[in-house]
Amino acid sequence: MEARTPSESLAILTDFVLTGETNSLNNLFGGELLARMDRAAGIAAGRHSRRVVVTASVNHVAFNKAIPLGSVVTVEAKVSRAFTSSMEVYIDVWVEDRQSGEKTKANEAIYTFVAVNESGTPVAVPSINPQTTLEKQRYDAALRRKQLSLVLAGKMKPDDATELKALFVS
Ligand SMILES: CC(C)(COP(=O)(O)OP(=O)(O)OC[C@H]1O[C@@H](n2cnc3c(N)ncnc32)[C@H](O)[C@@H]1OP(=O)(O)O)[C@@H](O)C(=O)NCCC(=O)NCCS
């Protein structure tokens, strides 16, 4: 399978925050943002693998900034690293200032998707070649995030998480 670049998987979802999507402070409800990020990330993982993909794990979410009712929100998702059947997808969330049009980073998240066949069995995906400095940084750190996720899920013994352990042992 031919390797692809992260940009080839880029998925961008732009939408308003409407009533019914907010919490009692009139800011975007966290679960609604998780769903938007899941959709964008699923599209990115599907573009990279050209397969049916399922969400295997939400590895990290940071709700750094509240997003008020009426905001224009852009969710950008790109595959940051592809393993055998799984892909790490990095998601950046931006809020647009209505007057200046300037976009401010509000949140970010990292999801893992797995490509599957018609019976839900994992299948291999193309590898990925990061191009930009940021893409390379995200690619490099993805293996230890995968190991952390697997350890937390009870699917890997901490002793086998070599990349993760290397963070703590000089
Ligand atoms: C995700 C799923 C396909 C994994 O199936 P599995 O039988 O555990 O398969 P494997 O153990 O071979 O794992 C497949 C890949 O997923 C990765 N993976 C599994 N769980 C993971 C986790 N918690 N974090 C990170 N990666 C994970 C494995 O490391 C493996 O990656 P690799 O092939 O790139 O090395 C399966 O658990 C599933 O279908 N889950 C439900 C998905 C779903 O319905 N999501 C929607 C939300 S309800």
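A residue is counted as near a molecule when its C-beta atom, placed from the backbone, lies within 6 Å of it. In this predicted model, the shell around the ligand draws its largest share, four residues, from strand 2. The residues that come nearest, of the 18 around the ligand, are Phe-83, Thr-84, Ser-85, Ser-86 and Ser-149. Strand 2, strand 5 and helix 2 (133-152) are the elements that each give two or more residues to this shell. In character, the shell divides into eight nonpolar, eight polar and two charged residues.

Helix 1 offers a pleasant check on geometry. Its 20 residues (30-49) should span 28 Å at 1.5 Å a residue, and the end C-alpha atoms are indeed 28 Å apart, so expectation and model agree. Buried positions in helix 1 are Leu-33, Arg-36, Met-37, Ala-40, Ala-41, Ala-44, Ala-45, His-48 and Ser-49. An α-helix has 3.6 residues a turn, so residues three or four places apart point the same way. The cover over the buried residues of helix 1 includes strand 1 (11-16), strand 2 (52-63), strand 3 (72-82), strand 4 (86-96) and strand 5 (103-116). Just after the helix comes Arg-50, with a positive phi near 55°.

Leu-28 sits in the loop between strand 1 and helix 1. This residue counts as buried because 25 other C-beta atoms lie within 10 Å, where 20 or more are required. Leaving aside residues up to four places away in sequence, Leu-28 touches Val-17, Glu-21, Thr-22, Leu-33, Ile-67 and Val-73. One of these partners, Ile-67, is 39 residues from Leu-28 along the chain, yet their C-alpha atoms are separated by 5.4 Å.

Technical notes: Residues are numbered from 1 along each chain as its sequence is written. This is a predicted model: local features need pLDDT of at least 70, side-chain atom pairs count only at pLDDT 80 or more; totals for chains, interfaces and linings use all residues. The expected span of a helix is 1.5 Å times one less than its number of residues. A residue is buried if 20 or more other C-beta atoms lie within 10 Å of its own, exposed if 12 or fewer, and partly exposed in between; C-beta atoms are placed from the backbone. Two residues are in contact if their C-beta atoms, placed from the backbone, lie within 7 Å. Ala, Val, Leu, Ile, Met, Phe, Trp, Tyr, Cys and Pro count as nonpolar, Asp, Glu, Lys and Arg as charged, and the others, Gly among them, as polar.
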